[in-house]
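User: Could you show me how to read internal cavities in a protein model, and then a sheet with its packed helices? I would like the general idea before the details.

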Amino acid sequence: MAARDLTERFGASRINGLGKNIWVEFGALATKHQAVNLGQGFPDFHAPEYIREALAAATTGDKSKQLNQYTRSQGHPRLVNALANLYSPLVGKKVDPMSEVLVTVGAYGSLFNAVQAFVNPGDEVVLIEPFFDCYDPMVKMAGGKPVGVPLRPRPGATSSREWTLDPAELEAAFSSKTKMIIVNCPHNPTGKVFSREELEMIAELCKKHDALCISDDVYEWLVYQPNKMIKMATLPGMEERTITIGSAGKTFSLTGWKLGWSVGPAPLIKCMSTVHGQSIYTCPTVLQEAVAHGLEVEMERLNSKDCYFNSLPAELMHKREWLAQSLRDIGLVPVVPEGCYFMLVDTSPLGMHFEDDGSGRSYDYRMVYWLTESKGLATIPVSPFYTDEHKHLAAKFIRFCFCKEDSTLEKAAAKLKEWKESLSGSSSS
């Protein structure tokens, strides 16, 4: 039987149209052309040595007999205690490690658990555009309806601060059908750090319409001075309706470990634990043990410049400035992020034209394909981070990632220089 026939015969209707994944597509493209990869958001430098050593010790050390076995479904005791100690001051209340924390397979797992636990068919979920691309299919898979509200850049915007929500548009997105809003701060892909006033505007709408807030805070430690991270759960009336999501991958530069967590009110965490327990059941014990050790180490020096939560953003800020200048040198307009390790780039000043190849690809897709295939520089298009209604807003933007070794960024700068030289001699077709 043909593959298509098998899909039509056995595939569940709820996954129809949700199979496309830009990370698979553009990761394969970068590999095929051996491009300098500033596309997918993973560091190409080592995580802290002590946390990698902690994993080795957990796997082969004196306690490995126990640590190589299952642990508690909702989270390894040592890790949930560390998370409760870390987040209690961050969210402004004493967090109960056994009932208000859930450890998941990455932040992806936390997002999936939340959507599956709270969204019924027909419920609406407000998504701030551009959004991380998994939000939309997760909502649709649960039978929900994504409602997009775009961040609109001011003309000539050069900072993520200049990408703002229209209050009227945001209010119009909420209704009696709204179950939740997902707020990503710092924001991928713009790097925006929402101000207190912006978060309060969102909070008031959540309370008015009795909606949940899923606060995707995976980049919470990657905030560049003088910007400040404000937790949604700390705003008046929001603790009882907010799930805060974090990530070991983003916190410790360990994206391959795929370990995340949710912090929130016990009744809401219980709902999410039901989804988690009946699907994943538990996360690898040794990874949780190592991350717990990492959190304990960093909490001891939280106010020191040596704390990884402080030293990493300081290091990345220099890489941010270096990449931004390299992009300006070629005539591109970088949107300098307040947080995160991504940078949107407006390509329109170059006035490049790409013939329609019949693929149906948007301009940003064709630009990224051309950059990868012709110039050996891999980036990511931005239109997949929008609903169909608002994809046009991303027409000339592409996303760069700068959490890379200096040597990688230097190679990218060389590619940009080659591109600049080629522009002076000819134009793309």
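**Cavities and a sheet**

Analyst: Happy to! Let's start with a helix: in this predicted model, helix H2 (residues 22–32) gives the most to the lining of the second largest cavity, contributing four residues.

User: How is such a space found in general, and which residues line the second largest cavity?

Analyst: Rolling a probe the size of a water molecule over the atoms shows where empty space is left. Here, the second largest cavity holds about 50 Å³ of space. Its lining includes Ile 22, Trp 23, Phe 26 and Gly 27, along with Ala 378, Thr 379 and Ile 380. By class, that lining has five nonpolar, five polar and no charged residues.

User: How many cavities of 30 Å³ or more does the whole structure have, and what lines the largest cavity?

Analyst: The search finds three. The largest cavity has about 80 Å³ of space, and among its lining residues are Lys 93, Glu 100, Glu 239 and Pro 265. Five nonpolar, three polar and three charged residues make up that lining.

User: Now the sheet: what is the order of its four strands?

Analyst: To read a sheet, follow the strand order and then look at the edges. This open sheet runs E10-E11-E14-E13 with antiparallel pairing. Strands E10 (333–335) and E13 (380–381) are the edges, each pairing on one side only. E13 is joined to strand E14 (residues 397–401) by two bridges, and Pro 381 has Ile 398 in E14 as its bridge partner.

User: Which strands does helix H14 lie across?

Analyst: Helix H14 (residues 363–375) lies across E13 and E14, at about 45 degrees to E14.

Conventions:
Residues are numbered from 1 along each chain as its sequence is written. This is a predicted model: local features need pLDDT of at least 70, side-chain atom pairs count only at pLDDT 80 or more; totals for chains, interfaces and linings use all residues. Side-chain values use heavy atoms; hydrogens and water are left out. On a 1 Å grid over the protein atoms alone, a cavity is a set of points where a 1.4 Å probe fits but cannot get out, and a pocket is an open set with protein on both sides within 12 Å along at least five of seven lines; lining residues have an atom within 4 Å of a point. Grid points are joined across faces, edges and corners, and a volume is the space filled by probe spheres set on the points. Ala, Val, Leu, Ile, Met, Phe, Trp, Tyr, Cys and Pro count as nonpolar, Asp, Glu, Lys and Arg as charged, and the others, Gly among them, as polar. Two strands pair if DSSP finds at least two bridges between them. Contact means heavy atoms within 4.5 Å. Axes are lines fitted to C-alpha atoms, for helices over the stretch in contact, and angles run from 0 to 180 degrees between N-to-C directions.
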